[in-house]
Amino acid sequence: MREEFWKIPVYEDQELAGKLGAAVLRREKLHHWPLSYVEKVTLEDGRSVIYKAQHAAASVENLFYSRVRAPFLLKPVFSEEGEGWAALGFPYVEHTPQPKGSPEELKRTVERWSGMLQGLSDVPVYFDISTLEKLSALLEEALKVLAPEDGLRREMEVWMEKRAPLCYRDQPTGILHGDLRGENVITEGDRLLYIIDWQRPVLGPLPLETASAMEQAGFPLKGDPFGELALAFNGIWYGYANLHLLPFPDLKETARGYFQRAVNGG
């Protein structure tokens, strides 16, 4: 194995060929940040495979695919874990990311996809924010990235007291993918084929899935409690990542930016 940035163990060609059953002709890097590394691998037998290497502490994806079955989930070609690392291989599916369309179209589409996820069983989750108390505990931890004298800490505490409860009043909870954007959803026309990238599923209020997708697509729900929760939860993730996974100063600033937008109403 070789190491990519931030010490992600990555298979050499011969090791990868052994996992995939054919010699490697070409490797194309598709994505890389300090917690994960993704390649498209072209094999001598004509197949193409997506190879993902990641830090085990940043993902439950291997466990997810070992437990969960559904027609819209790809079946891994291989799945392995070592000390602090995890690797997966999937058949490569040629597709063009679905255009986001109008806000109304995106909302309807994501709500339909979210409904399909509720049929999944035995799903391991990375974050559990199914109750206000669990959200509060995660937020309290993530706010440690802010300096004690930073006034935004108190603003977020007030947001937690006054705005967050609106997201838990008579709202259903369930499984959230957390990142239902075009590149993670493989479609054929209007037909859903696969939902990919299950690194960090969440158990939480269902409307958060739509609010998060709207935020990622550039349609933030300003003044909406779930739009604010989507921003706060992004801040929680980056704060958590800085505290427990990546000690990078820019992650603190990213977390702070999301928290500031949350208290500003989007």
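## Strands and their partners

Two strands count as paired if DSSP finds at least two bridges between them. In general, the strands of a sheet pair through backbone hydrogen bonds, either parallel or antiparallel. The model you are looking at is predicted, and it gives you two sheets to explore with this idea in mind.

## The three-strand sheet

Let's start with the open sheet of three strands, whose order is β8-β12-β9 and whose pairing is mixed. Here β8 (127-128) and β9 (173-176) stand at the edges; each has a single partner strand, so one side of each is left without a neighbour in the sheet.

How many bridges join β8 to β12? There are two, and these strands run parallel. For a place to look, find Phe-127: its bridge partner in β12 (residues 202-205) is Val-202.

## The five-strand sheet

Now turn to the open sheet of five strands, which follows the order β3-β4-β5-β7-β6 with antiparallel pairing. Which strands stand at its edges? They are β3 (24-33) and β6 (78-82), each with a single partner strand, so one side of each has no neighbour in the sheet. From one strand to the next, the twist averages 15 degrees. Helix α1 (residues 13-20) packs on this sheet and touches β3, β4, β5 and β6. The direction of α1 makes about 100 degrees with that of β3.

Inside the sheet, β4 (residues 36-43) and β5 (residues 48-55) run antiparallel and are joined by seven bridges. Val-38, for example, has Lys-52 in β5 as its bridge partner. Strands β6 and β7 (residues 85-91) also pair in the antiparallel sense, over five bridges, and Gly-82 stands opposite Trp-85 in β7. These two strands, β6 and β7, form a hairpin with two residues between them. Look in its turn for Gly-84, which has a positive phi of about 85 degrees.

## Two helix pairs

Helices meet each other too. Helix α3 (residues 103-117) packs against helix α6 (residues 207-216) at an angle of about 140 degrees, with the axes 9 Å apart. Angles over 145 degrees would count as roughly antiparallel, and α3 and α6 are therefore oblique to each other. The crossing of α3 past α6 is right-handed. On the α3 side, the residues that meet α6 are Pro-103, Leu-106, Lys-107, Val-110, Glu-111, Ser-114 and Leu-117; the α6 side offers Glu-209, Thr-210, Ala-213 and Met-214. Sorted by class, the residues of this contact of α3 with α6 are six nonpolar, two polar and three charged.

The second pair is α5 (residues 151-162) and α8, whose axes come within 10 Å and cross at roughly 50 degrees. That angle makes α5 oblique to α8. This time α5 passes α8 in a left-handed crossing. From α5, the contact uses Leu-152, Glu-155, Met-156 and Trp-159, while α8 brings Arg-256, Phe-259, Gln-260, Ala-262 and Val-263. The contact of α5 with α8 has six nonpolar residues, one polar and two charged.

## Rings that meet

Finally, have a look at the aromatic side chains. A search of the whole structure finds 16 aromatic pairs. One of them joins Trp-6 and Phe-248: the ring centres are 4.9 Å apart and the planes stand at 75 degrees, so the pair is edge-to-face.

Where in the chain do Trp-6 and Phe-248 lie? Trp-6 is in the loop between β1 (2-4) and β2 (8-10), and Phe-248 is in the loop between α7 (225-244) and α8 (249-263). The two residues are 242 residues apart, and the pair links distant parts of the chain.

Definitions and conventions:
Residues are numbered from 1 along each chain as its sequence is written. This is a predicted model: local features need pLDDT of at least 70, side-chain atom pairs count only at pLDDT 80 or more; totals for chains, interfaces and linings use all residues. Side-chain values use heavy atoms; hydrogens and water are left out. Axes are lines fitted to C-alpha atoms, for helices over the stretch in contact, and angles run from 0 to 180 degrees between N-to-C directions. Helices (H or I, at least four residues) and strands (E, at least two) are DSSP runs, numbered from the N terminus. Angles under 35 degrees count as roughly parallel, over 145 as roughly antiparallel, 65 to 115 as roughly perpendicular and the rest as oblique. A crossing is left-handed if the near helix is turned anticlockwise from the far one by less than a right angle, and right-handed if clockwise. Contact means heavy atoms within 4.5 Å. Ala, Val, Leu, Ile, Met, Phe, Trp, Tyr, Cys and Pro count as nonpolar, Asp, Glu, Lys and Arg as charged, and the others, Gly among them, as polar. Rings of Phe, Tyr and Trp (its six-membered ring) pair if their centres lie within 6.5 Å; planes under 30 degrees apart count as stacked, over 60 as edge-to-face and the rest as tilted.
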